[in-house]
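Subject: Handing over the structure

Hi,

Here's the structure I promised to pass on. Have a look at it first, and then read my notes underneath.

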Amino acid sequence: MQIIIVGCGNVGSTLTEQLSREGHNITVIDRDAGKAEEMANQYDVMGIVGNGASFSVQNEAGVGQADLLIAVTTSDELNLLCCLIAKKAGDCHTIARVRNPIYTKELGYIKEELGLSMIINPEHAAALEISRLLKFPSAIEVDTFAKGRVELLKCRVEAGSPLCDLTLTDISSKLRCEVLVCAVERGEEVYIPGGSFELKERDVISLVASAQNANVFFKKVGMYTNRIRSVMVVGGGKTSYYLAKMLLPMGMDVTIIEKSKERCNELSELLPKARIIHGDGTERNLLQEEGLERTQAFVSWTNMDEENVMLSLFAGHASKAKTVTKVHRIAYNEIIESLNLGSVLYPRYITAEYILQYVRAMQNSIGSNVETLYQIIEDKVEALEFYVGKQSPVVGIPLKDLELKDNLLICCINRRGQIITPGGQDTMEAGDTVVVVTTTTGFDDLGDILK
């Protein structure tokens with residue numbers, strides 16, 4: 001597809017990297033000549049210097065032939081204007097990043113009136129991700145399929161865990177848990193495991209289950225499952241605001257520590273039921289005075305990676321809290337992953353994932369389309385939810401008779417709300433949605449699972 005990306009920041013560069021890798025023709029637009037040139041050289045794409053909302057600049061970028069324009073500059077209004085002009089000039093699909101909370105209640109109206117294909121709010125998406133993690137305290141990552149009926153969770157096999165030296169077949173027979181382990185990370189290696197695969201200490205496993213079955217599994221293997229009732233957040237930005245709005249109605253006690261007095265006053269008005277503390281969240285004494293030792297979850301969400309890493313390490317040492325750590329830069333991800341930081345979230349990946357999901361759905365050719373997509377192991381393993389169309393080549397054929405690609409697992413079938421953990425005799429029928437986990441990235445149609 002011909003795709004134009006306006007804005008070469010963190011999200012723009014991540015999208016360019018992922019979409020160019022999947023074979024799309026990418027043109028990037030940025031006012032900063034250095035950024036545009038860097039992107040063009042690094043990813044072998046076309047780079048144009050200029051204002052992405054300019055009709056002439058968009059024409060130079062080929063908007064008339066473009067299938068999609070994605071506007072991810074730092075300005076909401078500029079993003080919306082870019083999309084409006086692209087829609088009029090090229091009649092292409094458009095995606096805008098809109099971050100200001102003022103527009104939150106108006107997104108549906110804006111999308112409809114401007115004819116946008118999609119609006120993504122990165123801070124709201126990140127807050128939603130954190131709230132999922134707090135629902136399953138033992139999980140490192142949590143994603144959802146089948147409109148929330150199915151959870152995809154990632155957790156670590158700790159020393160002394162009942163899972164150590166257990167085969168996947170044993171999980172069903174000995175633990176009697178209806179969960180499906182769909183991926184295992186062991187050091188640098190990644191496996192899509194079969195029934196005879198044996199789990200080892202320090203393995204990071206991804207499993208698919210209903211919320212109820214996931215809780216049963218965590219209890220049986222001795223992982224923490226009690227509901228979190230208190231959360232401490234360092235950093236009072238937009239994500240913290242959205243997170244508090246999600247957690248407070250669930251009966252959680254929310255404490256936000258923020259350096260800026262002006263921002264504290266704003267948050268006090270916006271979140272009257274939360275505790276807003278004016279102070280430096282990196283000060284050990286302040287954290288302890290505000291109850292760090294007693295809090296059940298700790299979210300380090302400042303704008304500095306170093307602060308977030310140190311805060312989570314200290315919180316892990318001083319308390320038993322579930323920790324969530326924000327990291328912007330990905331250059332040191334190997335080091336980050338070796339530290340005990342709990343759940344590490346990269347905001348740029350969260351936003352890019354939503355957009356990538358839409359792009360895959362656009363590519364659909366025969367009616368079976370990507371409903372949901374998660375990169376559960378960056379650049380190595382994807383989990384996709386497909387809608388099964390009437391013309392799909394897999395309809396009605398028992399799974400055991402399908403010639404599936406290697407390193408691929410069909411994890412669950414959602415049939416009108418009934419969740420089926422598939423066996424060899426099960427079939428995929430028109431109207432179902434199915435979750436597939438694979439090491440082959442880039443699928444955009446259910447038929448791609450076949451050899």
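Below is what I found, starting with confidence and then moving on to a sheet, a helix and two threonines.

First, a caution: this is a predicted model. The chain has an average pLDDT of 88, and 97% of the residues score at least 70. Confidence is highest in β12, with a mean of 97, and lowest in helix α13 (residues 333–338), where the mean is 73.

Now the sheet. It is open and has six strands, running in the order β14-β13-β12-β15-β16-β17 with parallel pairing. The edges are taken by β14 (275–278) and β17 (343–345); each has a single partner strand, so one side of each has no neighbour in the sheet. From one strand to the next, the twist averages 15 degrees. As a reminder, strands of a sheet pair through backbone hydrogen bonds, either parallel or antiparallel. At the β17 edge, three parallel bridges join that strand to β16 (residues 322–326), and one residue to look at there is T325, whose bridge partner in β17 is V344.

What packs on this sheet? Helix α12 (residues 305–318) does, touching β12 (230–234), β15 (297–300) and β16, and its direction makes about 170 degrees with that of β16. The length of α12 checks out too: at 1.5 Å a residue, its 14 residues should span 20 Å, which agrees with the 20 Å between its end C-alpha atoms. Its buried residues are D305, N308, V309, L311, S312, F314 and A315.

Back to T325, which sits in strand β16. Is it buried or exposed? T325 counts as buried, because its relative accessibility is 0%, under the 20% cut-off. Its side chain makes a polar contact with the side chain of S312, at 2.7 Å. Leaving out residues up to four places away in sequence, T325 touches S300, W301, N308, V309, S312, L341, S343, V344 and L345.

The other threonine is T372, in strand β18 (residues 370–377). With a relative accessibility of 12%, T372 counts as buried. Beyond its neighbours within four places in sequence, T372 is in contact with T144, F145, Q357, A383, L384 and E385. Take F145 from that list: T372 and F145 are 227 residues apart in sequence, yet their C-alpha atoms are 6.9 Å apart in space.

That's everything from me for now.

Cheers

Note on methods. Residues are numbered from 1 along each chain as its sequence is written. This is a predicted model: local features need pLDDT of at least 70, side-chain atom pairs count only at pLDDT 80 or more; totals for chains, interfaces and linings use all residues. Side-chain values use heavy atoms; hydrogens and water are left out. Two strands pair if DSSP finds at least two bridges between them. Helices (H or I, at least four residues) and strands (E, at least two) are DSSP runs, numbered from the N terminus. Axes are lines fitted to C-alpha atoms, for helices over the stretch in contact, and angles run from 0 to 180 degrees between N-to-C directions. Contact means heavy atoms within 4.5 Å. Buried means under 20% relative accessible area, exposed over 50%, partly exposed in between (1.4 Å probe, protein chains only). A polar contact is a pair of N or O atoms within 3.5 Å; within protein, one must be able to donate a hydrogen and the other to accept it, and residues adjacent in sequence count only if both atoms are side-chain atoms. The expected span of a helix is 1.5 Å times one less than its number of residues. pLDDT is the predictor's confidence in each residue, from 0 to 100.
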